[in-house]
Amino acid sequence: MEQLAIGIDLGGTNLKGVIINESGESRHLTRIRTNAEKGGDHVLESILTMIDSLIQKEGSKKNIIGVGIGTPGFVDQDGTVTGGAENLPGWKGTQLYAPVEEKFGLKAVAANDVTVTAYAEWKYGAGQGVSNMVCFALGTGIGGGIVIDNKLYKGTHGMAGELGHIVVETNGFPCKCGQSGCVEQYASGKGIVNVARRVAKEMVSDNTPFVEYVNSNPEDLGAKSLYKNFVEIDNPDPVGWKMHETVCDMLARAIGFALNTLAPDKVVLGGGVMKSGKIMLEGISKFVPRYCWPAILERCEIVTAALGEDAGVLGSGAMVFGEKNCA
């Protein structure tokens, strides 16, 4: 009998759900608005409604062995959200496991949303076949996930994998976490804008199109447009290229820290920032050797993620099958 799991991926904007088997084959992918502004109770009720809808679409829950939930923030061993989900008002303190078991008689497991994305890449995507993997998710911010000895590493109270808060510059850009110089402030979507503003200010005398554009639009900048117009072109703007190399250098410092600490088989880079693809990977690979012991780097491959935007919901479901493979 085929065993199935329900995967739930909770985001600040959208809530997604799916039914998968252990091979990662999925069906009934469903997406609705999170409506986070309505509060934690509303979000929890939406999750329960999503689970019920997926069971109805499947026609029965007899083959469904559990529910996996990926959520912003941290989740303790008892299934309580302990914090770190500022984009979901009222979500801290929400108990996830008991309502699922009470309503559906199904066991639930939950973890940080980027952690489950990393697990999906390890099980079904770019990290398949390795025992040790580190994943950086480069989006609006930077998150991460770690697999050690074929086990998803959650850490104390589910707080492992905060790779975006590796400090890469002493007394650097201030971060919302309270530190200064976190890699998130340099290599996320928002971080790239930080770097663009700084290099444009420092090199204002060069007066290139990039410098003129950034300094004339200081509050209306986006990483995607900066790369598209000034970096990903046949003749890159020299100051735009300096922005790019600064971003890659800072991210390489964080990757080097992870490599020297964990010595993984692979580093997987995903998220919207990596849509720049080859140019980002080449830039990062140029700088990583400066920050990593060569013997470790020789045994590690740095690759881009393979699963795209559905990695989170697949990883959530995969956790149900692989709960024994979580530490």
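## Briefing: a five-stranded sheet, its helices and two cysteines

Cys-177 is partly exposed, with a relative accessibility of 37%. Keep in mind that this is a predicted model. A look through the whole structure turns up zero disulfides, and Cys-177 is part of that story, together with Cys-182. The other main topics here are an open sheet of five strands, the helices α3 and α11 that lie against this sheet, and the packing of α6 with α7.

**The cysteines**

- Take Cys-177 first: the closest cysteine sulfur belongs to Cys-182 and sits 3.7 Å away, which is too far for a bond.
- Seen from the other end, the closest cysteine sulfur to that of Cys-182 is in Cys-177, again at 3.7 Å and too far for a bond.
- A disulfide needs the two sulfur atoms within 2.5 Å, so the 3.7 Å between Cys-177 and Cys-182 doesn't make the cut.
- Cys-182 is buried, at 0% relative accessibility, whereas Cys-177 at 37% counts as partly exposed.

**The sheet**

- Five strands make up an open sheet with mixed pairing, and they line up as β3-β2-β1-β4-β7.
- At the edges you'll find β3 (26-33) and β7 (107-112), each of which pairs on one side only.
- On average, neighbouring strands in this sheet are turned by 15° against each other, ignoring direction.
- Helix α3 (residues 113-124) packs on the sheet and touches β1 (4-10), β2, β4 (64-71) and β7. The direction of α3 makes about 100° with that of β7.
- Helix α11 (residues 311-321) also lies across β1, β2, β3, β4 and β7. Relative to β1, α11 runs at about 135°.

**The β1-β2-β3 stretch**

- β1 and β2 are joined as a hairpin, with three residues between them. Their pairing is antiparallel and takes in seven bridges.
- Within that pair, Ile-6 stands opposite Ile-19 of β2.
- Ile-19 also has a bridge partner in β3, namely Arg-27.
- β2 (residues 14-21) pairs with β3 in the antiparallel sense too, over six bridges. Asn-14 has Arg-33 as its bridge partner in β3.
- The hairpin of β2 and β3 has four residues between the strands, and Gly-24 takes a positive phi there, near 90°.
- How much of β2 is buried? Seven of its eight residues are, so call the strand mostly covered.

**Helix α2 and what it packs on**

- In helix α2 (residues 97-104), the buried residues are Tyr-97, Pro-99, Val-100 and Phe-104.
- These buried residues pack against a mix of elements: α1, β4, β5 (74-75) and β7.
- Which way do residues along an α-helix point? With 3.6 residues a turn, those three or four places apart point the same way.
- Right after α2 comes Gly-105, with a positive phi near 70°.

**The α6-α7 pair**

- Helix α6 (residues 209-216) packs with helix α7 (residues 223-230) at an angle of about 155°, and their axes are 11 Å apart.
- That makes α6 and α7 roughly antiparallel to each other, since angles over 145 degrees count that way.
- The two helices, α6 and α7, cross in the right-handed sense.
- On the α6 side, the residues that meet α7 are Pro-209, Phe-210, Tyr-213 and Val-214. Their counterparts in α7 are Ser-225, Leu-226 and Phe-230.

**Two residues to click on**

- Pro-209 is placed in helix α6 and is exposed, with 55% relative accessible area.
- Leaving out neighbours within four places in sequence, Pro-209 is in contact with Phe-230 and Asp-237.
- For a sense of distance, Pro-209 and Lys-103 lie 59 Å apart from C-alpha to C-alpha, with a separation of 106 residues in sequence.
- Asn-63 is in the loop between α1 (40-58) and β4.
- Is Asn-63 buried or exposed? Its relative accessible area is 19%, so Asn-63 counts as buried, the cut-off being under 20%.
- Outside its neighbours within four places in sequence, Asn-63 is in contact with Met-1, Glu-2, Gln-3 and Leu-4.

Definitions and conventions. Residues numbered from 1 in each chain as written. Predicted model: local features only at pLDDT ≥ 70, side-chain atom pairs only at ≥ 80, totals over all residues. Heavy atoms only, no water. Buried < 20%, exposed > 50% of the residue type's maximum accessible area, 1.4 Å probe, protein only. Pairing = 2+ DSSP bridges. Axes fitted to C-alpha atoms, helices over the stretch in contact; angles between N-to-C directions. Contact = heavy atoms within 4.5 Å. Parallel < 35°, antiparallel > 145°, perpendicular 65-115°, else oblique. Left-handed = near helix turned anticlockwise from the far one by under 90°.
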